[in-house]
Every structure is written in structure tokens, then in C-alpha cells.
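Colleague: Take me through one part of this model closely, please. Then work outward from there, one step at a time.

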Amino acid sequence: MQSIRSATRQGLRTVGASALAVAALVATLSAQGRGSRDGRNGVPEARDSMAASLTDPRVGLHSGFDDAGTASKNMKLVGHHAKPDLFDHAGGLTYANSDLAFKGNYVFQGNFSGFQIWDVANPTDPFIKTTYYCPTSQGDPSVWGNLLFISSESTGDRKDCKAGGVQNGADRMVGVRIFDISDIANPRVVANVQNCRGSHTHTLVQDPNDKNNLYVYISGTAGVRDSNELAGCVDRGDSANSARFRIEIIKVPLAHPDQAKVVAGARIFEGLRSNGPAHGNPPGDTLARGGRGGRGGRGGLPGQINLAQLPPTMVTPVIDSVVKARGGTGAPTAADSQATMQVLVTRFAGGGRGRGGGAPRDPNAGPNQCHDITVYPSAGLAGGACAGLGLLLDIRHPTEPVRLDFVGDTNFSFWHSATFSNDARKVVFTDEWGGGTAARCRAIDPLNWGGDAVFTIDNGKLTRHAYFKMPAAQTEQENCVAHNGSLVPIPGRDVMVQGWYQGGLDVFDFTDVNHPREIAYFDRGPIPNHPEKADSQSTGIVIGGFWCGYWYNGHIYASEIARGIDVFDLTPSEFLSQNEIDAAKLVHMDQFNPQDQPKIVWPAAFPVVKSYLDQLDRDNGLPQARREELWREIAGAEHASGAARSAALTKMATQLDQDAKGASDAERVKSMADAARDLAHASSGGSKAAKSGL
């Protein structure tokens with residue numbers, strides 16, 4: 001039986017330009033260095049150069065699977081477990097790992113053929129508690145109490161989770177699977193909620209006024225199912241009855257999850273128009289080929305796709321749709337295979353509006369689905385990353401989301417996901433240019449393509465500021481582009497960790513929306529095309545790297561597509577103090593779904609107070625003499641206890657209120673005053689935090 005590592009190494013390959021061509025174009029691209037503007041509310045690009053660094057330690061790492069070269073800065077790998085070698089029902093899962101969700105000491109890892117549950121009670125030694133085989137396309141997970149939700153989009157997925165595909169439409173499962181995980185070792189299907197376009201991703205949201213029900217926003221990008229198979233699934237262009245141009249909403253009665261069903265279809269795309277076409281190939285590819293537009297057309301997936309090298313869960317729904325569109329029956333023809341290849345090139349090249357398949361549409365039309373929706377219930381907001389546009393939604397009534405604003409950007413190819421700042425005054429949108437299967441972090445790839453864009457939110461309106469992209473040039477052998485991440489809970493700062501596929505993990509600070517900056521990273525060398533030649537000069541890509549990186553209860557957990565799961569710790573540096581790391585580790589969550597963003601609240605503790613003072617030291621937010629005095633006052637309060645500690649902290653807070661009036665960083669001084677006041681209150685009550693000296 002073939003091992004999963006061997007299968008992974010034989011995954012999607014693409015052919016790229018030579019290193020010589022890359023080097024020859026760097027100077028040209030750097031010289032361009034021009035400001036760029038989007039089509040609606042553009043501002044000049046903040047970076048001076050559009051070219052990635054060629055001198056970074058991440059550049060030139062030797063290839064390998066278990067022995068790839070590594071580079072890290074201000075973070076360290078503390079735990080790792082490889083994927084199981086076998087892809088049978090007992091040993092492991094096929095092809096690619098996908099997203100993560102968290103509950104207690106468990107991490108739920110999606111996979112294109114099911115899911116795995118990791119026990120991380122000891123984060124330095126994660127181990128598999130449960131493997132569940134269920135072919136289900138990318139299988140994004142979410143968890144709520146004792147319920148696990150898994151996305152299913154492939155038309156080859158079966159209700160009974162068996163292999164072999166679907167021969168009878170009555171056996172098909174396209175939508176969201178719901179499992180009871182009361183017995184974590186034996187998940188049990190309680191509902192298969194069918195929908196019209198499948199679930200590429202999904203998002204859980206609870207109405208604050210209704211604790212008895214949970215709602216699920218479905219982001220489905222497949223073609224519309226036949227109404228003979230599922231009633232109500234019609235595809236009528238822009239018609240109000242179409243299964244396109246809406247997100248479907250599932251209602252889950254928490255006491256009876258088996259009764260979950262689709263109850264609404266929110267038409268949040270009505271009246272949207274594109275602000276112009278998404279970009280295609282990087283300028284370097286075009287220049288290297290005499291201005292002919294490069295390899296793979298719009299979006300630019302290089303090279304050829306061999307359908308036999310792709311997982312059936314990726315190919316089957318597309319080829320089924322192609323056969324259905326021509327009214328065919330029986331086995332696919334050679335022409336069907338060719339058409340399927342073209343659809344996949346369009347889809348995974350990040351060609352944006354063609355990604356969902358189906359009939360050709362007006363190129364100026366807006367999106368008809370979202371790729372991903374991140375909800376922030378405490379702020380009543382959601383960020384919809386919707387292929388060709390980014391949407392801001394009001395979700396105070398979860399079954400009736402209302403579009404507040406939308407933004408386009410011709411520097412974006414495929415709006416992929418969103419992350420809010422903790423105060424809900426900012427949102428970071430990601431651009432998955434190349435669909436995650438192409439090398440899009442090379443020296444010839446502009447730094448404002450295939451990365452992040454930082455927006456501010458003011459009265460329900462979005463304004464773009466700077467871009468951020470992982471800054472080290474990656475090779476032609478590494479699939480790399482912006483992907484999933486979450487906030488790192490550092491008081492007073494907006495810091496995010498993010499996966500970049502084979503570009504590694506990156507931690508960046510976007511507190512200053514006009515100057516986001518990298519503060520930590522971890523990267524491995526490319527997975528070799530030929531495992532027997534670890535440093536092969538082949539230019540092919542084997543898909544791997546970090547699907548995501550998420551902070552959860554003191555650590556960063558990362559889903560490695562090909563290799564398994566990794567756990568990281570941040571380390572102190574000039575960008576991040578030990579106090580800030582300690583304060584972040586104080587934040588505890590019982591469960592965490594990255595698309596359901598929680599409001600971060602720090603406990604009353606000394607590391608929180610000290611974090612603000614570290615930040616004032618870093619940016620000279622108060623005069624040095626005053627900062628030194630504050631450090632002495634904090635030390636005195638730490639050595640005191642009870643009423644004496646409370647009095648010292650209250651005095652400090654009162655003085656900080658006065659300091660803020662003349663401080664260059666008044667907002668941070670006020671935050672420190674509030675943190676000191678909270679700790680004073682906790683100390684007077686004899687709280688656990690106060691007694692322990694935290």
C-alpha cells in the first residue's frame with residue numbers, strides 16, 4: 001500500500017522559470033517601485049520596493065521532507081507530529097491536511113478525506129486521539145460544545161462517508177456534516193445538512209438573544225446542484241430565485257442537532273459590480289516571456305496539470321459538472337478531461353470570478369458567493385472574503401445579515417479570508433493569488449500581490465491602508481501565498497500569525513495600519529520533487545506547507561498540509577517582550593473557531609500592566625524618567641499584597657490618567673492606567689491573580 005508521504009510527494013506539480021530569469025528581473029521590478037491604487041478607495045502603496053528580499057535567512061534553504069532546512073526568528077518549534085504513513089481507514093487520511101478548530105486539549109484538523117483529532121494536553125508532544133475517514137473535499141472543521149461541523153463540497157462525497165464516489169444521486173452529501181463528539185474517540189454523525197452549492201468553508205455564529213440555536217453561514221463555491229436531486233436548487237443567472245448570489249444559513253437546535261436544516265438564504269451580493277479585472281501573471285513572468293502573458297493565462301497557474309496526480313475529491317465535482325453541462329452520460333471523454341483541466345487552472349490560479357465553475361458570466365459582475373466569512377459577534381460584524389470583493393456585514397440579526405460596505409482592489413486576485421482587530425476598528429483581508437498551488441512569493445512577484453491588505457472601519461465603511469506580504473523571496477518549487485491566521489492576544493497591539501503554505505509561518509504587527517511589519521517567522525525548505533534526491537534541481541512543486549497558523553491558549557498551532565501538525569512558542573525580541581508573551585498566555589479559551597472570532601479580554605494581572613509599559617519604552621510614549629519611575633512603582637506593588645498592593649496600583653492609575661494628557665502615546669498610557677486600576681480592584685478582593693503575584 002502506498003504511503004501518504006509518497007502520495008503527497010506525487011501531488012500537483014508546476015513548472016517555473018529558472019533562477020537566472022528570476023535574478024535578471026529583480027532589478028527591473030525593484031526599480032518600478034511605484035505606488036499602486038485600487039479602484040474604489042485607493043491610497044498609495046506604503047512600501048518603497050515591490051521586490052522580495054534575496055538576503056533573508058529563509059532564502060536558499062535546502063529541500064527535504066523530514067530533513068528540510070529551517071530558518072526561524074523570534075519563534076521556536078516546540079512540538080511536532082507527522083501524518084500517519086498509511087491512508088487506510090485505520091491508519092490515516094489521504095492527501096492534504098486543511099484547517100484547524102480547537103476545544104479544550106483537542107485540536108481538530110480537517111483533511112480532504114476526513115478529519116483527525118489531536119490530543120495536545122502536552123503541546124510539546126501532540127498525538128492522534130482519533131482519525132475519522134470520510135471523503136469530504138477540503139473538510140474545514142468547526143466545533144461547538146459536543147458538536148463538530150465539517151464542510152463537504154465535492155459532488156463525489158457520500159452520505160455514508162464511504163469511498164468509491166457517487167453512482168446514485170440519493171447517496172450524495174454536499175453541505176455540512178454534523179458529528180456528536182461527546183465520546184471524543186468515537187465521533188458519530190447526527191446530521192448531513194444538504195445545500196445547493198456545497199460548503200467550501202463555513203462559519204458558526206450564535207444570536208446573542210437566542211442561546212438555544214446555533215447558525216451556520218455556508219460559503220459554497222461549487223456549481224448548483226440539479227433541482228431533481230435537491231429541491232430549490234436552481235441556476236437562473238441573476239434571478240432572485242437563483243441558488244447563486246446568496247449565502248445559505250443553517251439553523252441548528254442545540255438540544256436536537258439532528259433537526260438542523262437550511263432556513264435562510266441571505267442575498268448579500270445584490271447590485272454588486274466589479275471594479276475591474278483581477279491581475280493575472282506577475283510582471284516578471286510576462287517580461288521573461290516577451291510580454292506574452294506567461295503560463296496559464298489570467299491568474300497564471302504555471303505548467304500543466306495531470307488529473308491523475310490530484311485527489312478525486314478535487315477532480316470529481318468538476319468533471320461531473322463538465323459532463324452534466326454537455327448533457328452527457330457514462331464515462332468522461334478526453335474532451336471532458338481537457339475541459340476539467342481548464343476549469344482547475346482557472347480555479348486554482350486565483351482567477352477570481354471563474355473559481356466557482358458554472359457558465360461564463362459578465363466579467364464586470366460582482367461575486368456570487370464568498371470563499372470565507374469571519375464573524376465577530378461581540379461587534380456585530382462579519383468580514384466576507386468573496387472572491388472578487390471584500391464585504392463588511394452587519395450580523396446583529398444572524399439570519400438576516402446586511403451588507404454595510406464593499407471594497408475592490410485590482411491588486412487582489414482572490415479575496416480569501418478576513419481577520420478583525422480586537423477593537424473591531426481594523427480588518428485584514430487576504431489575497432490567495434494562485435489558489436494555494438502556485439509559487440507566488442518569488443522575487444519576481446510584487447509585494448502587494450498575493451498578500452494582505454489592512455483596512456480601517458469607520459461608521460461601517462472600509463478604507464484601505466498598507467499591504468503586507470511575507471518578505472523573503474521563495475523558490476519556484478514552493479507553493480506560497482497568503483492564507484489563514486488569527487490574532488496573537490498581546491494587549492495594546494494588533495498582531496497576527498498567518499500561514500503562507502511553503503512560505504512558512506509569519507507573525508506581523510499591523511497596529512500602525514500604514515506600516516505593518518514582520519516580527520517573527522518560521523520556514524522550511526521546499527519539499528523535493530524527487531524524494532531520493534533531497535536537493536533536486538527540478539522546478540516542480542509538491543503541494544505542502546502551512547495551511548494556517550493560529551494562537552490557542554499560549555501556543556501557535558499550525559496545520560502542515562503534507563507533514564502533520566506543528567506547535568510553536570514565541571520568544572522575546574526587540575519586537576516583543578517577555579511580559580507581552582506572558583500576557584498573551586493568560587488568555588484562555590474553552591473552544592476556538594478562527595472564523596468565529598472571540599473578543600479577547602485579559603485578566604487583571606501584572607504582565608498586562610507591564611506589557612503597556614514595555615510598549616511605552618519601545619516607542620518613547622512617555623519621558624524616560626517617568627518610565628523608570630513607573631517600573632519602580634510596579635516592583636513595589638508586586639512585593640506588596642492585599643490593601644497595600646491595591647493602594648499602590650490605584651495611586652499609579654491616577655497618576656497615569658494625568659500623564660496621558662501630555663503623553664505622545666496617550667492611548668497606551670490610558671490603557672495602562674485601566675489595567676493598573678483593574679489589578680488594584682482584583683488585589684483588594686484577594687483574587688487568585690493577586691495572591692499569586694501575577
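Modeller: Start with a rule: two strands pair if DSSP finds at least two bridges between them. Keep in mind that the model is predicted.

The part I choose is an open sheet. Four strands make it up, in the order β7-β8-β9-β10, and their pairing is antiparallel. β7, residues 141-144, and β10, residues 188-194, are the edge strands, each with pairing on one side only. From one strand to the next, the twist averages 20 degrees.

Take the β10 edge. Its partner is β9, which spans residues 175-180; six antiparallel bridges hold the two in register as a pair. One position to look at is Gly175, with Gln194 of β10 opposite.

Now go to the β7 edge. Here the neighbour is β8, residues 147-152, and four bridges join the two antiparallel strands. Val143 has Leu148 of β8 as its bridge partner. β7 and β8 form a hairpin with two residues between the strands. Gly145 takes a positive phi there, near 60 degrees.

Is β7, as an edge strand, buried or exposed? Buried, on both faces. Pro141 and Val143 are on one side, Ser142 and Trp144 on the other, and both sides are covered.

Step out along the chain from β10. Cys196 sits in the loop between β10 and β11 (201-205), and Cys233 sits in the loop between β12 (213-219) and β13 (247-253). These two cysteines form a disulfide, with 2.1 Å between the sulfur atoms. The torsion about the S-S bond is -90 degrees, a left-handed link. Because of where the two loops lie, the pair ties together parts that are 37 residues apart in sequence. Cys196 and Cys233 are both buried.

The structure holds four disulfides. Count the bonded cysteines along the chain and the pattern reads 1-2, 3-4, 5-6, 7-8.

Next comes the link of Cys370 and Cys386. Their sulfur atoms lie 2.0 Å apart. The torsion about this S-S bond is 55 degrees, and the link is right-handed. Cys370 belongs to the loop between α5 (334-348) and β15 (372-376), while Cys386 is in strand β16 (residues 381-386); the two are 16 residues apart. Why do both count as buried? The cut-off is under 20% relative accessible area. Cys370 has 1% relative accessibility, so it counts as buried. Cys386 has 0%, so it counts as buried too.

Stay with β15. It forms a hairpin with β16, with four residues between the strands. Gly380, in the turn, has a positive phi of about 70 degrees. The strands run antiparallel and share five bridges. One bridge matches Asp372 with Ala385 in β16. Both faces of β15 are covered. Asp372, Thr374 and Tyr376 are buried on one side, Ile373 and Val375 on the other. Five of the five residues are buried, so β15 is largely enclosed by the rest of the structure.

A further disulfide joins Cys441 to Cys480, with an S to S distance of 2.1 Å. The torsion about its S-S bond is about -80 degrees, so this disulfide is left-handed. Cys441 lies in the loop between β20 (426-431) and β21 (452-458), and Cys480 in the loop between β22 (461-468) and β23 (484-488), so the link ties together parts that are 39 residues apart in sequence. Cys441 and Cys480 are both buried. Cys548 is buried as well, at a relative accessible area of 0%.

Last stop: a helix. α8 covers residues 624-639, 16 residues in total. From the first C-alpha to the last, α8 reaches 23 Å, close to the 22 Å expected at 1.5 Å a residue. Which residues of α8 are buried? They are Arg626, Arg627, Leu630, Ile634 and Ala637. These residues cover an arc of only 95 degrees around the axis, which puts them on the same side of α8. An α-helix has 3.6 residues a turn, so residues three or four places apart point the same way. The buried residues of α8 pack against α7 (606-619), α9 (642-659) and α10 (666-684). On the other side of α8, Ala625, Arg632 and His639 are exposed.

How values were computed:
Residues numbered from 1 in each chain as written. Predicted model: local features only at pLDDT ≥ 70, side-chain atom pairs only at ≥ 80, totals over all residues. Heavy atoms only, no water. Axes fitted to C-alpha atoms, helices over the stretch in contact; angles between N-to-C directions. Buried < 20%, exposed > 50% of the residue type's maximum accessible area, 1.4 Å probe, protein only. Expected span 1.5 Å × (residues − 1). Arc of directions from axis to C-beta. Contact = heavy atoms within 4.5 Å. Disulfide = S-S within 2.5 Å.
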